[in-house]
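User: Hey, I'm new to this one. Can you walk me through it?
Analyst: Sure, let's put it up and start with the cysteines.

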Amino acid sequence: MIIEKIKGPADVKRLSMDEMVTLAAEMRNALLHKVSAHGGHFGPNLGMVEATIALHYVFNSPVDKIVFDVSHQSYPHKMLTGRADAFLYPEKYDEVSGYSEPTESVHDHFVIGHTSTSISLASGLVKGRDLLGGKENVIAVIGDGSLSGGEAFEGLDFAGELGTNFIIIANDNQMSIAEDHGGLYKSLKELRETNGKSPNNYFKSLGLDYMYVDGGNDIGQLIQAFSEVKDIDHPIVVHINTLKGKGYKPAEEDKERFHWTMPFDIATGKPLKESTREDYGDLTALHLLEKMKEDKGLVGITAATPAVMGFTKERREAAGKQFVDVGIAEEQAVAMASGIAKAGARPVFGVFSTFIQRAYDQLSQDLCINNNPATILVFCGSLSSMNDVTHLCFFDIPLLCNIPNLVYLAPATAEEYFAMMDWSIRQDAHPVAIRVPVAYGVKHASGKVDADYSDLNRYQVTHKGSKVAILGLGSFYWLGEEVRQGLAEKGIDATLINPRYITGTDDALLDELKQDHEVVITLEDGVLDGGYGEKIARFYGASPMKVLNFGAKKEFVDRFKPSELLKKNHLTKEQIVEDVLNVL
């Protein structure tokens, strides 16, 4: 195979056109077999194969610097820069990350996992190059709906006045993660339909030169276009029209499902494992759809990830105007939610934990200072969810729990979750965020749960004991139950508490614990620094009460096994019981 002989971009430059076409087919076959067995980003990479071959044929990486936005379009780039074995041989599948990674190769310049950043990052390379008298090309590759992100606009806007070599490849596959949203994409559609000649040109309006390539999956057209812009003396956008999922019919026909996929059967495209377990995303969508029938002012909001809250294409259609996808624009989602709430309607924004941090300023300034009663559902917040370093989901507690006016809730069961959501939609006193449980899956309450949470910071004692009190936050309530049972086996009848509120302390209850408890332990499914447990430790600071905080160390970790991370941070039942006994 040709791909086995490609050890770097220099090998690509030696190929004939026929050989490059063969190479493209081999790369797609490698992508198909790896992702079908291993899972990963699929459709975006299938669409970028020819463009990546052409980039490495024309440009001289790593001297010429290519920066991939989101970098889930970078699998083909990895194949052509000495990492093909990680796509060809199952025993090596885990040797590379799913995103660009400078520790893997000199051809990767940044760790990039969040979206809309490549143009800004590359503009910095441009500025640094010019200050130091360099001559290399700098190329930013952006696509998959990333142009809708605010930082992409800021980067383009700055690029328009650079007046120096800067090449921006706009990979237009007519999709985001789901479908594209925003007026910008109407402009791109007009450009495609007029072969780049429409006067309605977003890029030119920002002072950028422009070139259109209709055959974004035609190596010959791409090589010609890239050769024309190589060593250019001003910023230019090369707009390429590609097909997401190209070469695998199920991915071409169902682009949303195959954006990122778990392992699947190649012949049918169906998942190898169909989950039969209850799923909070699915339950959330069904619950909200019923509520939307009762309340025409209730609106679901997503920032390009509708599946996280269970809104499939069919459910989005059923919701109609009561479901809004703002595109890859979390800042817009939060600020708009604040405005919707101010207008008297009821916004519910569902977002991955790792992406809510993209809108911190809007959470603080646009939402919480104004104290507007929007609801934010934070999904996947856990040490046991995403494990790529760019997508870690355990920083949301410190991020959110220290913003004034915000009430951040941590349900332990499905019934509690939906009761909290219904209350947050009814009430008009606070912005409310709810941390959707992850660890331990969907758990159900054995009895009735509270329907009203307006008496803030009232914890729930679920088992009254003495000596040791366990505060198990959210889904770690169930870890708390395991620890309680472990201590019972050692002769200690511990108190178990479901705190429910992340953003405040139940001072009366915590004071009461001083009477017959020696140790309080907190369990949280996230990092400790700035988190929930520290609030409890601070409360008891001047008292004789001993406090043990259990959570994760503040660090960036990559491609970890959740079980190993939990053990490393003393978050197993056995370790916690031992630590408590040692303190006693």
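User: Which cysteine sulfur is closest to the one in C380, and how far away is it?
Analyst: That would be the sulfur of C393, at 5.4 Å, which is too far for a bond. Keep in mind that this is a predicted model.

User: And is C380 buried or exposed?
Analyst: In between: C380 has a relative accessible area of 22%, so it counts as partly exposed.

User: How many disulfides does the count come to?
Analyst: The count comes to 0 disulfides. C368, for one, is in no disulfide, and the nearest cysteine sulfur, in C401, is 12 Å away from it.

User: What about C368, buried or exposed?
Analyst: C368 is buried, because its relative accessibility is 1% and the cut-off for buried is under 20%.

User: OK, new topic. In what order do the strands of the open sheet run?
Analyst: The order is β2-β3-β4-β6-β5, so 5 strands, with parallel pairing. β2 (65-68) and β5 (209-213) are the edge strands; each has a single partner, so one side of each has no neighbour in the sheet. On average, neighbouring strands are turned by 20 degrees against each other, ignoring direction.

User: How many bridges join β5 to β6?
Analyst: There are 5 bridges between β5 and β6 (residues 235-241), and the two run parallel. One to look for pairs M211 with V238 in β6.

User: Now the empty spaces. How many cavities of 30 Å³ or more are there?
Analyst: The structure has 3 of them. The largest has a volume of about 70 Å³, and its lining is made of 15 residues, with G145, N171, D172, Y185 and L188 nearest its centre.

User: Which elements give two or more residues to that lining?
Analyst: β3 (138-143), β4 (166-172) and α9 (184-193) do. β4 has the largest share, with 3 residues. By class, this lining has 6 nonpolar, 6 polar and 3 charged residues.

User: And what's the volume of the second largest cavity?
Analyst: About 60 Å³. Residues lining the second largest cavity include G381, I397, R435 and D525, and by class the lining has 6 nonpolar, 3 polar and 2 charged residues.

User: Last one: which residues lie nearest the centre of the second largest pocket?
Analyst: T413, A445, S446, Q460 and T462, out of 14 lining residues. That pocket has a volume of about 250 Å³. β14 (460-463) and α20 (477-488) each give at least two residues to its lining, which has 5 nonpolar, 7 polar and 2 charged residues by class.

Notes. Residues are numbered from 1 along each chain as its sequence is written. This is a predicted model: local features need pLDDT of at least 70, side-chain atom pairs count only at pLDDT 80 or more; totals for chains, interfaces and linings use all residues. Side-chain values use heavy atoms; hydrogens and water are left out. On a 1 Å grid over the protein atoms alone, a cavity is a set of points where a 1.4 Å probe fits but cannot get out, and a pocket is an open set with protein on both sides within 12 Å along at least five of seven lines; lining residues have an atom within 4 Å of a point. Grid points are joined across faces, edges and corners, and a volume is the space filled by probe spheres set on the points. Helices (H or I, at least four residues) and strands (E, at least two) are DSSP runs, numbered from the N terminus. Ala, Val, Leu, Ile, Met, Phe, Trp, Tyr, Cys and Pro count as nonpolar, Asp, Glu, Lys and Arg as charged, and the others, Gly among them, as polar. A disulfide is a pair of cysteine sulfur atoms within 2.5 Å. Buried means under 20% relative accessible area, exposed over 50%, partly exposed in between (1.4 Å probe, protein chains only). Two strands pair if DSSP finds at least two bridges between them. Axes are lines fitted to C-alpha atoms, for helices over the stretch in contact, and angles run from 0 to 180 degrees between N-to-C directions.
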